[in-house]
Amino acid sequence: MSTRRPQSVPTFLALALGLALTLVAPAALAQGCTTQGSPTTGMALPPPCPYLSPNDVHAVEDPVQQAAILARPIHQFFVCHRSPGSTGNDCRKPGGTLGGDVEEFSSEVVLELTGTGTLSGYQRTITIPNVAVEVHTSKQTPGATQQSLATDMVRIQGTLPAGDPDFARFEIVGGTFNGQPSPGHTVGTFTGRDWKVDSQFEVGYTIEFVGAPGGKLAGYKGVTSKVTRMRAGEPQPSSGQ
């Protein structure tokens, strides 16, 4: 065992996240995000646009071995969990904690990984399929051509499939019902054909990883909780609501 005393968790993670500014280039926002619907039917949610983190990264650390893995996330490819016989791309159903709608769907999370500390030089992209997500939104205003909705990422949970060469375990769990408050806001403007959307969340999450025996991350493990802002679309004019 090394005789070097590990830095404190907050100090080490702060240094690692500082390196992220140079090691992980900010992702461009998904410009021109639109979703289907009309003022009569409202916005179809979730919008079919990737959610990116242009200024933040997910991070998980192994403070004992002076290492962290920084992960730039892309959240995409939403598939509704619908009742039998339902069709379309709108996941909404009435209910939820915000007095409007609930959207339940599966998705894909892509993580562009960069190692720091003793994992410096490690880079890889992994994909977590079939991530379970539940979002609650406030009620849309019938007939309005601009909607401004409070939202809550209630649940998000996914695990990297077994058999990965680097990870024996890689799991992300977040959302308000998992003890990680994740408020958000969605604004939509009707263009005469569809809805132009700006949507963002402050996603609270926990990532746990264990390196796979014999792989590049053998002997490494860590659990980190953090909040990351994720966004789809671009700013909309204020509705005055």
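The exercises below, each with a worked solution, concern charged pairs, disulfides and backbone features in a predicted model.

**Exercise 1. Determine how far apart the closest N and O atoms of Arg72 and Glu112 are, and state where in the chain the two residues lie.**

Begin with the distance: the closest N and O atoms of Arg72 and Glu112 are 2.2 Å apart, and the pair forms a salt bridge, for which the cut-off is 4 Å. Next, place the partners in the chain: Arg72 belongs to strand 6 (residues 67-80) and Glu112 to strand 8 (residues 99-117), so that the pair links distant parts of the chain, 40 residues apart. Finally, consider accessibility: Arg72 counts as buried because its relative accessibility is 14%, and the cut-off for that class is under 20%. Glu112, with a relative accessible area of 25%, is partly exposed. This pair belongs to a structure in which a search of the whole finds eleven salt bridges.

**Exercise 2. Classify Arg193 and Asp194 as buried or exposed, and describe how their side chains meet.**

The side chains of Arg193 and Asp194 meet in a salt bridge, with an N to O distance of 3.9 Å. For the accessibility of each partner, take the residues in turn: Arg193 counts as exposed because its relative accessibility is 70%, whereas Asp194 is buried, with a relative accessible area of 15%.

**Exercise 3. Locate the partners of the salt bridge between Arg229 and Glu202, and assign each an accessibility class.**

The closest N and O atoms of Arg229 and Glu202 are 2.6 Å apart, and the two residues form a salt bridge. In the chain, Arg229 is found in strand 14 (residues 221-233) and Glu202 in strand 13 (residues 195-211), and the pair links distant parts of the chain that are 27 residues apart. As to accessibility, Arg229 is partly exposed at 42%, and Glu202 is likewise partly exposed at 27%. Elsewhere, salt bridges that share partners join Arg124, Asp164 and Asp166 into one network.

**Exercise 4. Explain why Asp101 has no salt bridge, and describe its surroundings.**

First, locate the residue: Asp101 lies in strand 8, and it is buried. Side chains of opposite charge can pair when their charged atoms come close. The next step is therefore to compare the distance with the cut-off: Arg92, the nearest side chain of opposite charge, is 4.1 Å away, while a salt bridge requires the nitrogen and oxygen to be within 4 Å, so the pair is not counted. Lastly, list the contacts: leaving aside residues up to four places away in sequence, Asp101 touches Arg92, Lys93, Pro94, Gly95, Val135, His136 and Thr137.

**Exercise 5. Describe the disulfides, giving for each its handedness, its place in the chain and its burial.**

The count comes to two disulfides, and with bonded cysteines counted along the chain they follow the pattern 1-2, 3-4.

Step one treats the disulfide that joins Cys33 to Cys49, with an S to S distance of 2.0 Å. Its torsion about the S-S bond is about 90°, so this disulfide is right-handed. Cys33 lies in the loop between helix 1 (9-23) and strand 1 (34-35), and Cys49 in the loop between strand 3 (42-43) and strand 4 (51-52), so the pair ties together parts that are 16 residues apart in sequence. Both Cys33 and Cys49 are buried.

Step two treats the disulfide that joins Cys80 to Cys91, for which the S to S distance is 2.0 Å. With -95° about the S-S bond, the link of Cys80 and Cys91 is left-handed. Cys80 is in strand 6 and Cys91 in the loop between strand 6 and strand 7 (92-95), and the pair links distant parts of the chain, eleven residues apart. Cys80 and Cys91 are both buried.

**Exercise 6. Identify where the backbone features at Pro46, Phe77 and Asn130 lie, and describe each of them.**

For Pro46, examine the preceding peptide bond: from Leu45 to Pro46 it is cis, with omega near 0°, and Pro46 is placed in the loop between strand 3 and strand 4.

For Phe77, examine phi, which is near 55°, a positive value in a residue other than glycine. Phe77 sits in strand 6 and counts as exposed, its relative accessibility being 57%.

For Asn130, phi is near 55°, again a positive value in a residue other than glycine. Asn130 sits in strand 9 (residues 123-138), and at 64% relative accessibility Asn130 counts as exposed.

Conventions:
Residues are numbered from 1 along each chain as its sequence is written. This is a predicted model: local features need pLDDT of at least 70, side-chain atom pairs count only at pLDDT 80 or more; totals for chains, interfaces and linings use all residues. Side-chain values use heavy atoms; hydrogens and water are left out. Helices (H or I, at least four residues) and strands (E, at least two) are DSSP runs, numbered from the N terminus. Buried means under 20% relative accessible area, exposed over 50%, partly exposed in between (1.4 Å probe, protein chains only). Lys and Arg count as positive and Asp and Glu as negative; His and the chain ends are not counted. Contact means heavy atoms within 4.5 Å. A disulfide is a pair of cysteine sulfur atoms within 2.5 Å.
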